[in-house]
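Here is a short briefing to read with the structure open beside you. Take your time, and look up each strand as you meet it.

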Amino acid sequence: MTTLTRASLAAAAMLLSTPAFAAGPSVIRLADGLNAGPAGDNNGPGAEQPSVAYMVHGADKYVVTVWMSSQVQTRDRPYQCKCSSVKLDPLAGPQVMANAVQITSNNGDRPCNHPKLATIEGTDKSVLVYGSNDNQANVQTYAEVLNYDCSRATADRTRISQDANTNEGAPDVAFNGMRAGKYVLTAGYLSATNNGQSRATGLEVEITGTNATLTTTYNRNIV
């Protein structure tokens, strides 16, 4: 089992203001490897594959981390995705504001796989993409929007992959900017169609307060 610490902590250390550096970097353990099951090959990752996003809410700065965790109840095994939000304070140091919040409760043996975050720059939100074979034989890629405190901004996830008859996962996502009042991102994933393709999907996000709407604009083969 692995221990999840380094990704968020490195980001926190880089983003703390100068006075905080005098005391040295801060170390926070977001998850340990205890009670992470079930035992066996490929049955439980413990805590691994973290993805990190930095965002600003009001005057405060946050580092949000999402990872695969098998520290879940039996009904949610083998693992789900969890989220922690750390507030960066140059005087008090980093403070955990949302602690290992379980953000998925999917079925399947790959219920939340390879999560990736991208900050929607200029907002207190990020887009999360991940693979899941929830209620289906093959992994498909989904996207949703998270707030800075690990709460959901979108009402539900959106499937951004196309072919339910083949595995389509291992996603990534990047922020591109704003167009016509909407935030624009590009997601990508690996599709097993025709012995393997890399596909790109366009995403648009509209934000109203703590809520957001996510739509897809295109899906095309790029490799």
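**A first look at the strands**

Nine bridges link strand E9 to strand E10 (residues 182-191), and the two run antiparallel. Keep in mind that you are looking at a predicted model. The chain as a whole contains two helices and 12 strands. Let's start with the sheet that holds E9 and E10, then move on to strand E6 and the cores.

**The open sheet**

- Within E9 and E10, Gly-169 has Leu-190 in E10 as its bridge partner.
- E9 and E10 belong to an open sheet of four strands, ordered E9-E10-E11-E12, with antiparallel pairing.
- Which strands sit at the edges? They are strand E9 (168-179) and strand E12 (211-221), each of which pairs on one side only.
- From one strand to the next, the twist averages 25°.

**The chain as a whole**

- Following the sequence, you meet the pattern α-α-β-β-β-β-β-β-β-β-β-β-β-β.
- The chain has 223 residues, and 48% of them count as buried.
- Its accessible surface is about 10500 Å², with 47% belonging to carbon and sulfur atoms.
- Among contacts in the chain with a separation of 6 or more, 49% are between residues 24 or more positions apart.

**Strand E6 and its partners**

- Why is E6 described as largely enclosed by the rest of the structure? Eight of the eight residues of E6 are buried, so the strand is largely enclosed.
- In a regular strand, side chains alternate between the two faces of the sheet.
- In E6, Lys-125, Val-127, Val-129 and Gly-131 point one way, while Ser-126, Leu-128, Tyr-130 and Ser-132 point the other way; all are buried.
- Strand E5 (residues 113-120) runs antiparallel to E6 and is joined to it by six bridges.
- One pair to find here is Ile-120 with its bridge partner in E6, Lys-125.
- The hairpin of E5 and E6 has four residues between the strands, and in it Gly-122 takes a positive phi near 85°.
- E6 also runs antiparallel to E7, with eight bridges joining the two.
- There, Ser-132 has Gln-140 in E7 as its bridge partner.

**A closer look at Ser-126**

- Ser-126 lies in strand E6 (residues 125-132).
- Is Ser-126 buried or exposed? Its relative accessibility is 0%, so Ser-126 counts as buried; the cut-off for buried is under 20%.
- Leaving out residues up to four places away in sequence, Ser-126 touches nine others by name: Ala-53, Met-55, Leu-117, Ala-118, Thr-119, Ile-120, Glu-144, Val-145 and Leu-146.

**The nonpolar cores**

- In soluble globular proteins, nonpolar side chains tend to be buried together.
- The largest nonpolar core here has 17 residues, and the members touching the most others are Val-66, Ile-103, Leu-117 and Leu-128.
- Strand E1 (47-57), strand E2 (60-69), strand E3 (80-88), E6 and strand E7 (140-147) each give this core at least two residues.
- Which strand supplies the largest share of this core? E2 does, with three residues.
- Beyond its neighbours within four places in sequence, Leu-117 is in contact with several residues, including Val-64, Val-66, Ser-126, Leu-128 and Val-173.
- A second, separate core has 16 residues, among them Val-173, Leu-185, Leu-203 and Val-205.

Definitions and conventions:
Residues numbered from 1 in each chain as written. Predicted model: local features only at pLDDT ≥ 70, side-chain atom pairs only at ≥ 80, totals over all residues. Heavy atoms only, no water. Pairing = 2+ DSSP bridges. Axes fitted to C-alpha atoms, helices over the stretch in contact; angles between N-to-C directions. Buried < 20%, exposed > 50% of the residue type's maximum accessible area, 1.4 Å probe, protein only. Contact = heavy atoms within 4.5 Å. Areas by Shrake-Rupley, 256 points an atom, 1.4 Å probe, with all protein chains shown as cover. Core = buried A, V, L, I, M, F, W, Y, C linked by side-chain atoms within 4.5 Å.
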